[in-house]
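Colleague: Please take a close look at one part for me, the aromatic rings, and walk me through what sits around them. Take your time and keep it connected.

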Amino acid sequence: MAESLLIDANLSKEEKYKALLPQIEALTTGETDLIANISNLVAALRQGMGFFWVGVYFNKEGQLVLGPFQGPVACTRIPYHKGVCGACYTQQKTILVPDVEAFPGHIACSSDSKSEIVLPAIKDGEVKLVLDVDSDRLNDFDEVDQQYLEKLMRLVESWY
């Protein structure tokens, strides 16, 4: 098992993802505990990509409930119909938000969050969790993030 990530800070965003995703897969291969895998996933994303905040919200108890995360403290529970995470859950698709202040119903867990991407992990037609990634810069996420994070979500879905 790896104890550190090997990501060159000088790489482009796409090159960082290409280097990081196989390392995340190696970190989680053979581990059957979902929380352990999610914990390493969010830590690797924050460390490897330098994101402001990375975490998951699990679909449980009729709402989205905070799971492992890296970054400042966060909202603990999110109703299915609220914010970017709720939109991702109800629409069952990736939501990319260039400016969170312009998103109707945005939940400001941190006033430092400026842009966001949220992706669902779906198994048997049900959203099991959403991966929430925040930036402290406007318009920080794009199609490259979406493409590689969606690949990562296929790995997450395989853990169920």
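Modeller: Helices here are DSSP runs of H or I with at least four residues, and strands are runs of E with at least two. Keep in mind that this is a predicted model. UniProt, in an unreviewed entry, places a "domain: GAF" feature at residues 41-156. Over that stretch the chain is 28% helix and 34% strand, with the end C-alpha atoms 9 Å apart. Zooming out for a moment, the chain has four helices and six strands, and they run α-α-β-β-β-α-β-β-β-α along the sequence. The radius of gyration is 15 Å, close to the 15 Å from the globule rule for 160 residues, so the chain is as compact as a globular protein of that length.

Now the rings. Searching the whole structure turns up five aromatic pairs. One of them is Tyr17 with Tyr148, a stacked pair with 5.4 Å centre to centre and 5° between the planes. Tyr17 belongs to helix H1 (residues 13-28) and Tyr148 to helix H4 (residues 143-158), so this pair ties together parts that are 131 residues apart in sequence. Both rings belong to residues that count as buried, because the cut-off is under 20% relative accessible area: Tyr17 comes out at 0% and Tyr148 at 5%.

Those two helices turn up again in the largest nonpolar core, a set of 30 residues in which Ile38, Leu45, Leu131 and Leu149 have the most contacts. H1 and H4 each supply at least two of its residues, as do helix H2 (34-49), strand E1 (53-60), strand E5 (115-123) and strand E6 (126-135). Leu131 is a good spot to look around from: leaving out residues up to four places away in sequence, its contacts include Val42, Leu45, Val54, Val56, Ile117, Leu119, Leu149 and Met153.

A second core, separate from that one, has 19 residues, including Trp53, Tyr57, Ala74 and Val84. Here the aromatic story picks up again, since Trp53 and Tyr57 join Phe69 in one aromatic cluster.

For the wider setting, buried residues make up 46% of the 160 in the chain. Of the contacts between residues at least 6 apart in sequence, 51% join residues at least 24 apart. On the outside, the chain exposes about 8000 Å², and carbon and sulfur atoms supply 49% of that.

Notes: Residues are numbered from 1 along each chain as its sequence is written. This is a predicted model: local features need pLDDT of at least 70, side-chain atom pairs count only at pLDDT 80 or more; totals for chains, interfaces and linings use all residues. Side-chain values use heavy atoms; hydrogens and water are left out. Rings of Phe, Tyr and Trp (its six-membered ring) pair if their centres lie within 6.5 Å; planes under 30 degrees apart count as stacked, over 60 as edge-to-face and the rest as tilted. Buried means under 20% relative accessible area, exposed over 50%, partly exposed in between (1.4 Å probe, protein chains only). A nonpolar core is a set of buried Ala, Val, Leu, Ile, Met, Phe, Trp, Tyr and Cys residues joined through side-chain atoms within 4.5 Å. Contact means heavy atoms within 4.5 Å. UniProt positions are given in the numbering used here, feature names are shortened, and annotations may be inferred rather than shown by experiment. The radius of gyration is taken over C-alpha atoms; the globule rule is 2.2 Å times the number of residues to the power 0.38. Accessible areas come from the Shrake-Rupley method with a 1.4 Å probe; for residues, only the protein chains shown count as cover.
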